[in-house]
Amino acid sequence: MRAKFILGEIGVAVKANLSMVISVILVTFISLTFVGTAGLLQQQIGSMKNYWYDKAQVAIYLCTETSPQDICPQGEASDNVRKTIQSKLDSTTLQPYLDKYYFVDHAEAYKTFQKEFKDNSVAKYVTPAQLNETFWVNLKDANQAPIIVESFSGLSGIEEVKDQRSYLDQIFSVLNISSLAALAIAALMLLSAILLISTTIRLSAVMRRREIGIMRLVGASNFYIQLPFILEGVLAGVIGSLLAGGAIVLLVIFFVQGYLAEKLPFTSFVSMADAWTLLPALVLLGALLSGLAAFSAIRRYLRV
Amino acid sequence: MISLSQVSKQYKDAPRAALMDINLEVDKGEFVFLVGASGSGKSSLLRMILREDVPSSGTIHVLGENLIGIPNRRVPHFRRNLGVVFQDFRLLPNKTAAQNVAFSLEVIGKSSGFISEAVPDVLRLVGLEEKASSLPSQLSGGEQQRVALARAIVNKPAILLADEPTGNLDPNTSEGIMALLERINLAGTTILMATHDKSIVDRSRKRVIQLSEGKIVRDESSSGYGASR
């Protein structure tokens with residue numbers, strides 16, 4: 001098999017079919033950019049989880065005078081409640097899971113509240129007594145939060161035990177849904193890319209039917225006849241996926257690292273390393289899909 | 001060399017079978033004319049021998065290959081032992097005579113060294129060494145058919161199938177092509193030629209197989225186009 005001859009054949013095919021080849025490149029480019037974006041979002045969720053879950057605490061809110069009657073029939077939690085909780089946290093059963101814990105009383109809670117809601121009118125109406133006294137618990141492993149939640153939920157004098165991860169989970173589920181949406185769009189566009197490749201191959205098979213007919217007559221192997229067509233498809237797919245990889249890298253450099261990371265300095269964002277690991281996967285996916293599409297099109301339109 | 005036994009071909013939606021109970025033996029070195037009206041089954045028969053199509057029933061052996069059982073991937077290799085020419089030449093219009101011949105060698109993976117020797121040789125054999133770099137559009141019909149013949153025989157096939165090779169040519173030019181075919185046959189290539197050309201068949205006095213409505217109605221050696229001797 002002579003590479004020069006095969007390359008020449010691809011050149012002829014691509015030239016004859018240029019607008020179709022360009023559209024294949026563009027569609028694979030855009031669809032794989034969506035795939036890459038979905039991948040980046042997943043990595044972003046992963047790195048945010050690592051970062052925030054480690055910081056997430058479990059809050060044990062004690063009853064106040066204004067707590068709902070059915071949960072806190074005795075009203076404001078007594079000192080006894082506080083001591084019970086403290087001794088439970090210090091006990092040998094829970095101690096191994098805890099990193100540290102601290103207690104925030106009404107006055108301190110009020111101070112924090114006033115600071116956090118400085119510009120909000122609600123700050124004016126809140127009194128210290130309305131704010132829960134709280135045990136803030138840091139865990140060695142945030143995944144063990146349910147142990148704390150279970151140990152304290154339902155104890156008298158406790159209004160609520162809240163795993164802060166549940167707030168984060170909402171954010172993550174929003175991110176998750178958007179990455180799924182990106183994947184769904186990508187899947188649709190990949191489908192159209194596959195159909196386009198198949199149409200392109202069919203067109204070039206029709207345009208070159210004379211050559212193909214002669215190749216068959218003189219006994220060229222199927223492989224030899226089909227290879228230029230498959231390579232034509234793969235070439236377009238690979239160029240499209242390289243463009244998509246470039247777009248992903250640029251997205252990380254200019255949008256994530258250049259813009260987001262500066263606006264939100266305390267958040268960990270996907271890095272260039274993450275983008276680079278996506279790149280070979282995208283190229284592989286592009287080559288594989290276009291090769292398969294070309295191959296199946298050829299099976300249909302180029303018989304022995 | 002070529003052996004057909006009880007071969008029938010019924011195409012889908014066709015009112016009658018294209019071929020019916022064909023039994024045929026062709027030996028090495030023979031020159032056989034296939035005659036008969038249009039639609040009598042000549043081209044179908046050639047397609048079967050080339051394994052472009054498989055019969056509905058019966059067996060075909062060509063060059064020791066059982067064409068019914070041959071796996072698809074072996075078909076290309078099988079075809080390398082056959083040369084084919086057609087009425088419409090089937091040359092690539094954007095390639096020169098030499099490139100057309102070379103193309104058929106390139107696509108079966110011959111080395112460029114082999115190609116650069118074989119192509120001028122075969123063009124000389126068909127009398128076109130002067131026209132090697134002419135495009136088909138610059139060649140006469142007879143010359144184009146010579147290029148097609150050169151392409152068909154450049155790989156030294158054991159069998160040459162010719163489907164109305166003189167159908168588009170005037171009598172004088174046809175003579176020249178016939179003379180060339182006879183030389184190729186003398187060099188040992190078995191030739192099976194479908195034709196309507198009465199004068200050529202009558203003059204050649206070779207084996208004639210006549211088909212009518214898919215059946216062999218006559219198979220005579222040293223015969224003519226029409227009835228028996």
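How many residues of chain B are in contact with chain A? Select both chains and you can find 16 residues of chain B in contact with 16 residues of chain A, where contact means that the C-beta atoms of two residues, placed from the backbone, lie within 7 Å.

Before you go further, note that this is a predicted model, in which local features need pLDDT of at least 70 and side-chain atom pairs count only at pLDDT 80 or more, while totals for chains, interfaces and linings use all residues. Residues are numbered from 1 along each chain as its sequence is written, and chains are lettered from A and ligands numbered from 1 in the order in which they are written.

**Stop 1: where chain B touches chain A**

Stay with the side of chain B that touches chain A, and colour α2 (75-79) and α3 (97-106) of chain B, the elements that give two or more residues to it. Helices here are DSSP runs of H or I with at least four residues, strands are runs of E with at least two, and both are numbered from the N terminus. With four residues, α2(B) gives the most to this side of chain B. If you colour the side by residue class, you will find seven nonpolar, four polar and five charged residues. Nonpolar covers Ala, Val, Leu, Ile, Met, Phe, Trp, Tyr, Cys and Pro, charged covers Asp, Glu, Lys and Arg, and the others, Gly among them, count as polar.

**Stop 2: chain B as a whole**

Now show chain B alone. Its elements are seven helices and 10 strands. Of its 229 residues, 44% count as buried; a residue is buried if 20 or more other C-beta atoms lie within 10 Å of its own, exposed if 12 or fewer, and partly exposed in between, with C-beta atoms placed from the backbone. Among contacts in chain B between residues at least 6 apart in sequence, 66% join residues at least 24 apart.

**Stop 3: helix α4 of chain B and the loop after it**

Select residues 112-125 of chain B, which form helix α4. This helix has 14 residues and reaches 20 Å from its first C-alpha to its last, close to the 20 Å expected at 1.5 Å a residue; the expected span is 1.5 Å times one less than the number of residues. Show V119(B), V122(B) and L123(B) as sticks: these are the buried residues of α4(B). Their cover includes α3 and α5 (141-153) of chain B.

Next, click on V126(B), in the loop between α4 and α5 of chain B. Is V126(B) buried or exposed? V126(B) is buried, because 26 other C-beta atoms lie within 10 Å. Leaving aside neighbours within four places in sequence, V126(B) is in contact with R146(B), L149(B), A150(B) and L180(B). You can also draw a distance to G176(B): the two C-alpha atoms are 9.8 Å apart, although 50 residues separate them along the chain. Look as well at G127(B), which follows α4(B) and has a positive phi, near 80°.

**Stop 4: α5 and α6 of chain B**

Keep α5(B) in view and add helix α6 (residues 171-186) of chain B; their axes come within 9 Å and cross at roughly 15°. Axes are lines fitted to C-alpha atoms, for helices over the stretch in contact, and angles run from 0 to 180 degrees between N-to-C directions. That angle makes α5(B) roughly parallel to α6(B). Angles under 35 degrees count as roughly parallel, over 145 as roughly antiparallel, 65 to 115 as roughly perpendicular and the rest as oblique.

To see the contact, pick G141(B), G142(B), Q145(B), R146(B), L149(B) and I153(B) on α5(B), then T173(B), G176(B), I177(B), L180(B) and I184(B) on α6(B). By class, these residues divide into five nonpolar, five polar and one charged.

**Stop 5: helix pairs in chain A**

Switch to chain A and select helix α9 (residues 222-263) and helix α10 (residues 272-301), whose axes come within 7 Å and cross at roughly 155°. α9(A) is therefore roughly antiparallel to α10(A). Their contact has 23 nonpolar, nine polar and no charged residues.

Now add helix α1 (residues 3-16) of chain A, which packs with α9(A) at an angle of about 60°, with the axes 9 Å apart. These two helices are therefore oblique to each other.

**Stop 6: D99 of chain A**

Finish at D99(A), in strand β2 (residues 98-104) of chain A. D99(A) counts as exposed because there are 12 C-beta neighbours inside 10 Å. Not counting residues up to four places away in sequence, D99(A) touches N138(A), L139(A) and K140(A).
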